[in-house]
Amino acid sequence: MLLFLVGIAVLIAGYFTYGKLVEKVLSPDDRATPAVKSPDGVDFVVLPHWKNMLIQLLNIAGVGPVIGVILGIKFGSIVFIILPIGNLIAGATHDMIAGMMSLRKDGANLTTLVQNNLGKVYYNIFSWFMVVLLLLVVAVFVNIPASLVDGMIKGDCFWYAVAAITIYYVAAAMFPVDKIIGRIYPVFGGMLIVSTIAIFGALLVAGIKDPSIMQEGFAFKLAKFTAEKNQPVIPMLFVTIACGIISGFHATQSPIVARTISSEKQARSTFYGMMVVEGIIGMIWAGAGMAIYNLFPHYMAMAPAKVLGYITTHFLGSFAGNVTIVGVIVLAITSGDTALRSTRMALAEMLHINQKPIRNRLILCGVMLVIVAALLYWSNQSAKTFNLLWNYFSWGNQVLAVTTLLAGSVYLAQKGLWRLIALVPGIFMLFIVACYILWISPDHGGPVGVGLELNIAYILATVIAAVAAVVIWIHGDKLAKK
C-alpha cells in the first residue's frame, strides 16, 4: 500500500518540480497563439482553459491507463515505481514538447513538425506510418467500447454498438471542434473523474483493512509476468503500459488543443499536467488490478477487459460498477473520435486539402472509414487477430513517441535550449522499440519479429540507440548553425 501511495505522491510532486523545469526550458510566453492569430471556425477556435484541459485529458486517456495497466500490473510492484518516474521524465515531457512545438508552428500536426526537424526523407516514411497507426487506433477504439457495451447489455449488439460509435466518430471528426467535442467532453470528463475517485476510495478502504492485497502475494508471484514466461520487464512493460508511462499517440492529439489554446502559459497545466493526471489514473487502476489478482488469483488468466468488470463489481457493487465501466467506454470513445480527427487533419496537411468546405472533410472521413471497417472486420475474426492488431498498435505507438522526442531534441538544439530533456527519454525509448523488434517472435509469444535471444537483442539495441544519439546530436548542431 505504501509503494502505491508514494507513487501517486511522486506524480503530484513531479508536476510542481520537474514539470516546472520542463516549462522553464520551453519558455511559454505572451505571443499570440494559433487560435488567436488564425481562427477558422473549424479547428482553430479559442476554448476556455478548463475545457482544453479536459479535452486533452480525454484525448490522451484511452483504455491504456485502465485496461493497459490491469494487464501491466502482472509485472508486479515494480509498476508502482516505473510508472510515475517514466510518466514525469518521458511521457509528460513528451506531451509538453509536442504541444509547444505545435503552438510555435501555427498549430501544425506532428507530420509537419517531424519534417521541419528530422528532414523530408524521414517525413515521407513517417507520415504514412503515422496515418496507418492512427487508423489502427480508430479500429481498436471502436472494437473495445463496442465489446464492453455488448458485455454490459449481454446481448448480440456488438455491431449495433459499432454503428452508433462510428456515426459519432464521423460527426466529431467533421464538425467544428467547439460544436461537439467542446460541448460534451466536460460531461465525459466529469464521469471519468468521479469513477476514478470512486475506485480510489474503495481501494483505500480495502487496503487499510487488508494491506496485503496491495503487495505481491504467493499466488500472484506464481502467475506474474517474468522473462522466463516471455514477458521480460524490458522491453515488454514499456510496450504494455504505453498510455501511463509514455505514448506517441498523444503527440498526434496535442495539435488539436494547440489550435484552441488562448495563451502559451496554459501549456504546462494542459499538456504536462493532463499526462500526470493520466498517470494517477493509471496508478489507481494498477492498484485495483493488484488487489483483485491477490483476492482472486485465477483472474490473472483472464483478459484484462473482463477483469475490469470484476474489479468494478467487487469494489463498487453492480450499479456503480456499471457506471464506472461506462466511464471506461467513454475513455475509449473520446480517444477514438479525436484519432479520426487527427488523421483527417494530418492527411489534409499532407495532401494539401482545404478543410473549411464540409465536402472535403466528408470525403476524407469516408475513405478512412472504409479502411477502419476492413480492420475491424479482420480483428474480430478471432482473439488472435485482435491481439495482433493491438500488438502492432502498441509498438507502433512507441515509434511515434521516439520520433516526437527526437524531433523535439532537434527543435530545442536549434533554439539553443537544453535538449537532453527530450533526447534522453527519446533514446531510451528507441532502445526499447529496437529491443522489442529484435527479440519478439511467435516463439517468444508475439508477432513476427527478428526473434533473437534477449541478451543479444539488448546489445544490438544499445548500439542502435547510441548511434542514433550521436546522429541526432550532430543533426541538431548542424541545423542550429544554419
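# Exercises on a Predicted Model

Asn-230 is found in the loop between helix 11 (218-223) and helix 12. The model is a predicted one, and the exercises below begin with this loop residue.

**Exercise 1.** Determine what is notable about phi of Asn-230, and state whether Asn-230 counts as buried, partly exposed or exposed.

*Solution.* Step one is the backbone angle: phi of Asn-230 is near 60°, a positive value in a residue that is not glycine. Step two sets this against the general pattern: most residues other than glycine have a negative phi. Step three is accessibility. Buried means under 20% and exposed over 50%; Asn-230 has a relative accessibility of 26%, so Asn-230 counts as partly exposed.

**Exercise 2.** Locate Asp-106 and describe its phi and its accessibility.

*Solution.* First, the position: Asp-106 belongs to the loop between helix 6 and helix 7 (110-118). Second, the angle: Asp-106, a residue other than glycine, has a positive phi, near 60°. Third, the surface: the relative accessibility of Asp-106 is 45%, and Asp-106 is therefore partly exposed.

**Exercise 3.** Identify the bond between Ile-234 and Pro-235 and the element that holds Pro-235.

*Solution.* The peptide bond joining Ile-234 and Pro-235 is cis, with omega about 15°. In general, most peptide bonds are trans. Pro-235 itself lies in helix 12, which covers residues 233-240.

**Exercise 4.** Place Arg-104 in its helix, classify its accessibility and list its contacts beyond the neighbours within four places in sequence.

*Solution.* Begin with the element: Arg-104 is part of helix 6 (residues 79-104). Next, the relative accessible area of Arg-104 is 23%, so this residue is partly exposed. Then come the contacts outside the excluded neighbours: Arg-104 touches Leu-26, Ser-27, Pro-28, Asp-29, Arg-31, Glu-264 and Tyr-411. Finally, a distance may be added: 29 Å separates the C-alpha atoms of Arg-104 and Phe-188, which are 84 residues apart along the chain.

**Exercise 5.** Decide whether Glu-23 is buried or exposed, and name the residues in contact with Glu-23 outside the four places on either side in sequence.

*Solution.* Glu-23 sits in helix 2 (residues 18-26). Its relative accessible area is 14%, so Glu-23 is buried, given that buried means under 20%. With neighbours within four places in sequence left aside, the contacts of Glu-23 are Pro-28, Met-96, Lys-265 and Arg-268.

**Exercise 6.** Set out the surroundings of Leu-57 and of Val-69, together with one C-alpha separation for Leu-57 and one for Val-69.

*Solution.* Take Leu-57 to begin with. This residue is in helix 4 (residues 49-60) and is buried, at 2% relative accessible area. Not counting residues up to four places away in sequence, Leu-57 touches Leu-192, Met-274, Val-277, Glu-278 and Ile-281. The C-alpha atoms of Leu-57 and Thr-334 are 9.4 Å apart, and 277 residues separate the two along the chain.

Turn now to Val-69, in helix 5 (residues 64-72). Val-69 is buried, with a relative accessible area of 0%. Leaving aside neighbours within four places in sequence, Val-69 is in contact with Gly-64, Leu-83, Ile-241, Gly-282, Trp-285 and Ala-286. The C-alpha atoms of Val-69 and Ala-348 are 34 Å apart, with these positions 279 residues apart along the chain.

**Exercise 7.** State which members of the largest nonpolar core touch the most other members, and give the contacts of Tyr-293.

*Solution.* The largest nonpolar core has 161 residues, and those that touch the most other members are Tyr-169, Trp-285, Tyr-293 and Ile-311. Tyr-293 is in contact with Ile-70, Ile-73, Lys-74, Phe-220, Tyr-299, Met-300 and Val-307, residues up to four places away in sequence not being counted.

**Exercise 8.** Find how many disulfides the whole structure holds, and classify the accessibility of Cys-157 and Cys-435.

*Solution.* A disulfide is a covalent bond between the sulfur atoms of two cysteines. The search of the whole structure finds 0 disulfides. Cys-157 is buried, at 13% relative accessible area; Cys-435 is buried too, at 0%.

**Exercise 9.** Describe the second largest pocket by its volume, its lining and the character of the lining residues.

*Solution.* The volume is about 330 Å³. The lining has 15 residues, and Leu-118, Tyr-122, Val-402, Thr-403 and Leu-406 lie nearest the centre. Helix 8 (120-153), helix 19 (383-414), helix 20 (420-439) and helix 21 (454-481) are the elements that each give two or more residues to this lining. By character, the lining has 13 nonpolar residues, 2 polar and no charged.

Note on methods: Residues are numbered from 1 along each chain as its sequence is written. This is a predicted model: local features need pLDDT of at least 70, side-chain atom pairs count only at pLDDT 80 or more; totals for chains, interfaces and linings use all residues. Side-chain values use heavy atoms; hydrogens and water are left out. On a 1 Å grid over the protein atoms alone, a cavity is a set of points where a 1.4 Å probe fits but cannot get out, and a pocket is an open set with protein on both sides within 12 Å along at least five of seven lines; lining residues have an atom within 4 Å of a point. Grid points are joined across faces, edges and corners, and a volume is the space filled by probe spheres set on the points. Helices (H or I, at least four residues) and strands (E, at least two) are DSSP runs, numbered from the N terminus. Ala, Val, Leu, Ile, Met, Phe, Trp, Tyr, Cys and Pro count as nonpolar, Asp, Glu, Lys and Arg as charged, and the others, Gly among them, as polar. Buried means under 20% relative accessible area, exposed over 50%, partly exposed in between (1.4 Å probe, protein chains only). Contact means heavy atoms within 4.5 Å. A disulfide is a pair of cysteine sulfur atoms within 2.5 Å. A nonpolar core is a set of buried Ala, Val, Leu, Ile, Met, Phe, Trp, Tyr and Cys residues joined through side-chain atoms within 4.5 Å.
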